[in-house]
Amino acid sequence: MATHRVVITGMGVISPVGTGKGKFWNSLIDGISGIDTITRFNTEDFNTKIAGEVKDFNPEDFIDKKELKRMDRFTQFAVAATKMAIDDANLSLDSLNRDYIGVIVGSGIGGSETWEQQHNILIEKGPKKVSP
């Protein structure tokens, strides 16, 4: 039986307790909670007004402004975390066989902001205005 080795060479973190490996780790060590008042949408009609929301993320630190328009926030998280992991590992992708490189992304749900926006467009303007 063949044995395959997996090596974690770099990490990138975007979480409610901090963006970046250092800020994330320090928040965990200091017992800082990522639970706070929701700011990304109006919670007036909701019973719950708190969540674990990422508040210190600036996608323009990682992704070209033009590309951002085509990405849901969770995709921005994935791309940014990947770039952080590559930087953390000091990898030069041009000198490596990319077939041997992988990324694992954990997401409870993704794309919900885009779903909601496009649903509203469907209701208000019809199916021809919905982005594929």
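## Salt bridges and helix α3

K55 counts as partly exposed because its relative accessibility is 41%. Keep in mind that we're looking at a predicted model here. The side chain of K55 doesn't sit alone: it meets the side chain of D36 in a salt bridge, 3.2 Å from N to O. That pair ties together distant parts of the chain, with K55 in the loop between β4 (50-52) and α2, and D36 in strand β3 (residues 35-37), 19 residues apart. D36 has a relative accessibility of 41%, so D36 counts as partly exposed.

How many salt bridges does a search of the whole structure find? The count is six. Here are some of them, the K55 pair included.

| Salt bridge | N to O distance |
|---|---|
| K55 and D36 | 3.2 Å |
| D88 and K21 | 2.8 Å |
| D94 and R98 | 3.3 Å |

Take the pair of D88 and K21, whose closest N and O atoms are 2.8 Å apart. This one also links distant parts of the chain: D88 belongs to helix α3, K21 belongs to helix α1 (residues 21-29), and 67 residues separate them. D88 is at 30% relative accessibility, so D88 counts as partly exposed. K21 comes in at 36%, which means K21 counts as partly exposed.

Then there's D94, which forms a salt bridge with R98. Is D94 buried or exposed? D94 is exposed, because its relative accessible area is 70%, and the cut-off for exposed is over 50%.

Now for helix α3 itself, the home of D88. Helix α3 covers residues 73-88, which makes 16 residues. At 1.5 Å a residue, α3 should span 22 Å, and its end C-alpha atoms are indeed 22 Å apart, so the two values agree.

What caps the N-terminal end of α3? That job falls to D72: one of its side-chain oxygens lies 3.1 Å from the backbone nitrogen of F74. After the other end of the helix comes N90, with a positive phi near 55°.

Which residues of α3 are buried? They are R73, Q76, A78, A80, A81, M84 and A85. As for what they touch, these buried residues pack against two strands, β1 (14-15) and β2 (18-19), and two helices, α2 (65-68) and α4 (112-125).

Put together, α3 has a cap at its N-terminal end from D72, a set of buried residues that includes M84 and A85, and a salt bridge from D88 to K21 in helix α1.

Technical notes: Residues are numbered from 1 along each chain as its sequence is written. This is a predicted model: local features need pLDDT of at least 70, side-chain atom pairs count only at pLDDT 80 or more; totals for chains, interfaces and linings use all residues. Side-chain values use heavy atoms; hydrogens and water are left out. Helices (H or I, at least four residues) and strands (E, at least two) are DSSP runs, numbered from the N terminus. The expected span of a helix is 1.5 Å times one less than its number of residues. Buried means under 20% relative accessible area, exposed over 50%, partly exposed in between (1.4 Å probe, protein chains only). Contact means heavy atoms within 4.5 Å. A polar contact is a pair of N or O atoms within 3.5 Å; within protein, one must be able to donate a hydrogen and the other to accept it, and residues adjacent in sequence count only if both atoms are side-chain atoms. A salt bridge is a side-chain nitrogen of Lys or Arg within 4 Å of a carboxyl oxygen of Asp or Glu.
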